[in-house]
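This report concerns local backbone geometry, one helix and a group of aromatic side chains. The sequence and the model are shown first.

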Amino acid sequence: MSEADEELYRKLLSERYGSLEQLEAERFPVVAAGAGEEQWRRQVREIAARYGWRLQYHTADSRRSDPGWPDEVFGHLGQRRTLFVEFKTDTGRIRPAQREWLAHLAASGFEVAVWRPRDLPTVLEVLGPARQRAALPPNFRRPTP
């Protein structure tokens, strides 16, 4: 489907059913308050799969891996995009090694995000038809060299 066709399709859907953001929010309810990082990560994986992000990588046991690597890597073949995501609960903290990897990947031009359950609207915009580019949160503190 061409970009013009997708735009027309989105416009027709909006006219008939209301805002796409509302439809998406109804389709993918927010993870219950107090849910763990793993449950949140699995929900985002499901969303990604529904939107065609066929390549998904998650280290099964990060305790045996070098510290700091992001929780998930998503690849979308049709869009030629690669996305590195660190998942946190709404109160979870980013460790120094994670901060260093995330900052490095972002500085290298990759799409990088830290996603918390409260970020569901952003997740839908990045993974869904809006194709918004993922970015680190504005308050992300980059490590000092």
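Is arginine 131 buried, partly exposed or exposed? Arginine 131 counts as partly exposed because its relative accessibility is 38%; here buried means under 20% relative accessible area, exposed over 50%, and partly exposed in between, with a 1.4 Å probe and protein chains only.

The model is predicted: local features need pLDDT of at least 70, side-chain atom pairs count only at pLDDT 80 or more, and totals for chains, interfaces and linings use all residues. Residues are numbered from 1 along each chain as its sequence is written, and side-chain values use heavy atoms, with hydrogens and water left out.

**Positive phi values**

Most residues other than glycine have a negative phi. The residues below have a positive one; helices (H or I, at least four residues) and strands (E, at least two) are DSSP runs, numbered from the N terminus.

| Residue | Phi | Place |
|---|---|---|
| Arginine 80 | near 55 degrees | loop between strand S2 (72-76) and strand S3 (81-87) |
| Arginine 131 | near 55 degrees | segment after helix H5 (120-127) |
| Glycine 109 | near 95 degrees | following H4 |

Arginine 80 counts as exposed, at 79% relative accessibility.

**Helix H4**

Threonine 91 lies in the loop between S3 and helix H4 (96-107) and is exposed, with a relative accessible area of 71%. H4 itself has 12 residues and spans 16 Å from first to last C-alpha, close to the 16 Å expected at 1.5 Å a residue, where the expected span is 1.5 Å times one less than the number of residues. Gln98, Arg99, Leu102, Ala103 and Leu105 of H4 are buried. Viewed down the helix axis, the buried residues of H4 fall within an arc of 165 degrees, so they line one face; the arc is that of the directions from the axis to the C-beta atoms. These residues pack against S3 and strand S4 (111-115), contact meaning heavy atoms within 4.5 Å. Pro96, Glu100 and Ala107 are exposed on the other side of H4.

**Aromatic side chains**

The structure holds 5 aromatic pairs, defined by ring centres within 6.5 Å for Phe, Tyr and Trp (its six-membered ring), with planes under 30 degrees apart stacked, over 60 edge-to-face and the rest tilted. Tryptophan 69 and phenylalanine 84 form an edge-to-face pair, 5.6 Å centre to centre with 85 degrees between the planes. Tryptophan 69 lies in the loop between strand S1 (55-58) and S2 and phenylalanine 84 in S3, so the pair ties together parts 15 residues apart in sequence. Phenylalanine 84 is buried, with a relative accessible area of 7%.
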